[in-house]
Amino acid sequence: MSLLDRYVGRIALGAFLAALLFFLFLAVLMHLLNNVGKFAASAEQEGLGGSGLVLGLLGFYARMVPVLITTVTPFAMVTAAMFTVARLQHANEVVPMLFVGRSIRRVLLPVLLLGVAAGVGMAACWEWVVPNVGSDIASTQARLKQGSDEQKALVHEREENGERQYFYAWKFLPRTRTMERVGLLVQGDLAADCQLLSADRAHWDEQRRDWRLVGGRCSRPGGGGNLAPTIDYAPREWLERPDLTPELLMQQSRDSIEPELLGYSELWQMLDVRPNRPDIRLALHRHITHPLSCLLLLLLTLPLAVYYERGTRVERLLGAIALCAGYLLLDLICQSLGQRVAADGTTMLHPVVAAWTPTIVFGSLGAVLFGGMRT
């Protein structure tokens, strides 16, 4: 990196950090204004008071910062690039750089490298930071809005020694370590080996390391011969699944967390278990295409940011804003079609196609615009 590269890079980095802070503040402010009524109502139900509500909101939005970074970084990068070019041209520094034999693409190389670094940072944040705060965000949001951090519809599957076990809990309360409407289906090779365990409630016993059942009962097929099978009921006091700890259930509750709050490895695992969920497949591919948008939007807007004629600044700025808005609109439309399920059980648009269509369309346009830019 030469002296000029470091000079342009410092301007772009400073503009990027300022734009990122501005977009983060704007996103937090909009989210707070839209939900302040619900937050206040839930705080009143829990008896938190004003200070407790403020501390809860501070912790909640501090955990939301990594999630917001993965959302607003591309637009902060575009804003920083436009500001960098405008500052260089306002100070009449672009023409001397061109005069010494440097093309405009070479002048803008530090900006493009910063866009690549921003995309890599987004991917790293999605893999190692967002998953660590995703469950806390979901539980805190549920507690602030509904007065409870309960997790619903927990499912856990296990296969061991030819025996398959399917566990289900309608509700799990992490604070009291209590489950409601518990079911455990055990399937073997023979019909007589099958049994269904159900209970109204289950409490975690730390000493025994197992769940104590309330209203527990075990049913299995009975009878023999050619007679119709009967159902045999027996009371049950313990779940006898010490592996289903409250910590494991909290981890398993990620099935109810929005896929956007999960990392690459977690999405791959969930896709193996839930291959028929289009939102998981769409989120996995968007985790790849969204970081690419940092570089893609730069290829679109930088050719419009550089101008040599008088009286074209406003038109080019409006054109850059229109391209970014078009990319965002197409991305939102594709997301909606990729998650909407038709009557026959299929999505309106395949999730892979929905995730990659904006990148391919606007990426091709950006490559053409950047390649045809006056040097």
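This is a short tour of aromatic rings, charges over rings and a surface patch in a predicted model.

Before you start, note that residues count from 1 along each chain as its sequence is written, and that side-chain values use heavy atoms, without hydrogens or water. Because this is a predicted model, local features need pLDDT of at least 70 and side-chain atom pairs count only at pLDDT 80 or more, while totals for chains, interfaces and linings use all residues.

**The whole chain**

Show the cartoon first: the chain has eleven helices and seven strands (DSSP runs numbered from the N terminus; helices are H or I with at least four residues, strands are E with at least two). Of the 375 residues, 41% are buried, where buried means under 20% relative accessible area, exposed over 50% and partly exposed in between (1.4 Å probe, protein chains only). Switch to a surface, and about 19,800 Å² is exposed, with carbon and sulfur atoms supplying 62% of that area (Shrake-Rupley method, 1.4 Å probe; for residues, only the protein chains shown count as cover).

**Aromatic pairs**

Across the whole structure there are six aromatic pairs. Rings of Phe, Tyr and Trp (its six-membered ring) pair if their centres lie within 6.5 Å; planes under 30 degrees apart are stacked, over 60 edge-to-face, and the rest tilted.

Select F22 and F23 to see an edge-to-face pair, 5.7 Å centre to centre with 70 degrees between the planes. F22 is partly exposed at 47% relative accessibility, and F23 is partly exposed too, at 21%.

Next, pick W204 and W211, also edge-to-face, at 5.1 Å between centres and 65 degrees between planes. Are these two buried or exposed? W204 is buried at 10% relative accessibility, and W211 is buried at 0%.

Then select F39, F60 and Y61, which form one aromatic cluster.

**Charges over rings**

Now look for arginines above tryptophans; a charge sits over a ring if NZ of Lys or CZ of Arg is within 6 Å of the ring centre and within 35 degrees of the ring normal. The charged end of R181 is over the ring of W170, 4.7 Å from its centre. Move on to R208, whose charged end sits over the W238 ring, 4.1 Å from the centre.

**A surface patch**

Finish with V314, L317, L318 and I321, a nonpolar surface patch with about 380 Å² of accessible area together. V314 lies in helix α10 (residues 313–339) and counts as exposed at 54% relative accessibility.

How values were computed:
Patch = residues over 30% accessible without salt bridge, like charges linked within 9 Å, V, L, I, M, F, W, Y side chains within 5 Å. Salt bridge = Lys/Arg side-chain N within 4 Å of Asp/Glu carboxyl O.
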